[in-house]
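Let's take a friendly walk through a protein model, looking at a pocket, some aromatic rings and a pair of cysteines. Keep the 3D view open as you read.

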Amino acid sequence: MVPLFERHHNFYVSVNIPPAILGSGQILPMIEELELTPYLDRIVCEVTERQALTAVGRSALEGARRSGMSVAIDDFGTGHSGLMQIVGLDFDILKIDHSLIDTILTNQTAARMLRGIVALAAALRLHTVAEGVESREEAFFLCAAGVDCGQGWFWSKAVSGPQAARILEEGYQLMRDRRSESKKS
């Protein structure tokens, strides 16, 4: 991982970590052992909406933020929380669940909800990531709707670390790299 962080300054890793483990004190020693401490600001801890609303979840999120890691609320839209329940959470990224993405091209209500979530995230100064993007049409719609990033099989199935390094070295650009290039022109 270290070479990827060193060569690609916008590269980050997002990891699902249950709050009980995140808050246990086990994560930072593992990060130190992997020599990733200088890159804490490029490690994103993902916690589901449901997990984040528990006392353990809130405490774990606060600990991750104190250590310098970013926090993402994963599977947004699948929990049963009201907006007031997430008001006190300190997070950086809102990951929109694939169940909403699956229907944005065929269901006007889903498309409108997506645009509303993007507007809410913008108002809260959060980045958005759409999960489960599987087609060019979905990717185009999401980009036009203002979603910051997408993940899914449209770009690639899951790959190993060495495969990810090869893909990046062969010229695949991260979304943030593409945006900064377009601003330069």
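Helix 3 gives the largest share of the lining of the second largest pocket, with 3 residues. Keep in mind that this model is predicted. Strand 1 (13–16) joins helix 3 in supplying at least two residues each to that lining. The space in the second largest pocket comes to about 200 Å³.

Which residues line the second largest pocket? They are Met1, Phe5, Val13, Val15, Ile17, Ile27, Met30, Ile31, Leu34, Leu36 and Ile43. Sorted by class, this lining has 11 nonpolar residues, no polar ones and no charged ones.

One of the lining residues, Phe5, leads us to the next topic. A pair of aromatic rings is described by the distance of the centres and the angle of the planes. The structure has 3 aromatic pairs. In one of them, Phe5 and Tyr39 are stacked, with 4.9 Å from centre to centre and 10° between the planes. This pair connects distant parts of the chain, 34 residues apart. Phe5 belongs to helix 1 (residues 2–7), while Tyr39 sits in the loop between helix 3 (27–33) and strand 2 (43–48).

Are these two rings buried or exposed? Phe5 is buried, because its relative accessible area of 1% is under 20%. Tyr39 is buried too, at 12%.

Another pair, Phe154 and Trp155, looks quite unlike a stack: the ring centres are 5.0 Å apart and the planes meet at 75°, so the pair is edge-to-face. Phe154 is partly exposed, with a relative accessible area of 27%, and Trp155 is partly exposed as well, at 30%.

Phe5 and Tyr39 also share one aromatic cluster with Phe11. Elsewhere, a charge meets a ring: Lys157 lies over the face of Trp153, 3.9 Å from the ring centre.

Finally, the cysteines. A disulfide is a covalent bond between the sulfur atoms of two cysteines. How many disulfides are there here? The count is 0. Cys143 is exposed, whereas Cys149 is buried.

Here are the accessibility values side by side:

| Residue | Relative accessible area | Class |
|---|---|---|
| Phe5 | 1% | buried |
| Tyr39 | 12% | buried |
| Cys149 | 18% | buried |
| Phe154 | 27% | partly exposed |
| Trp155 | 30% | partly exposed |
| Cys143 | 56% | exposed |

Technical notes: Residues are numbered from 1 along each chain as its sequence is written. This is a predicted model: local features need pLDDT of at least 70, side-chain atom pairs count only at pLDDT 80 or more; totals for chains, interfaces and linings use all residues. Side-chain values use heavy atoms; hydrogens and water are left out. A disulfide is a pair of cysteine sulfur atoms within 2.5 Å. Buried means under 20% relative accessible area, exposed over 50%, partly exposed in between (1.4 Å probe, protein chains only). Rings of Phe, Tyr and Trp (its six-membered ring) pair if their centres lie within 6.5 Å; planes under 30 degrees apart count as stacked, over 60 as edge-to-face and the rest as tilted. Helices (H or I, at least four residues) and strands (E, at least two) are DSSP runs, numbered from the N terminus. A charge sits over a ring if NZ of Lys or CZ of Arg is within 6 Å of the ring centre and within 35 degrees of the ring normal. On a 1 Å grid over the protein atoms alone, a cavity is a set of points where a 1.4 Å probe fits but cannot get out, and a pocket is an open set with protein on both sides within 12 Å along at least five of seven lines; lining residues have an atom within 4 Å of a point. Grid points are joined across faces, edges and corners, and a volume is the space filled by probe spheres set on the points. Ala, Val, Leu, Ile, Met, Phe, Trp, Tyr, Cys and Pro count as nonpolar, Asp, Glu, Lys and Arg as charged, and the others, Gly among them, as polar.
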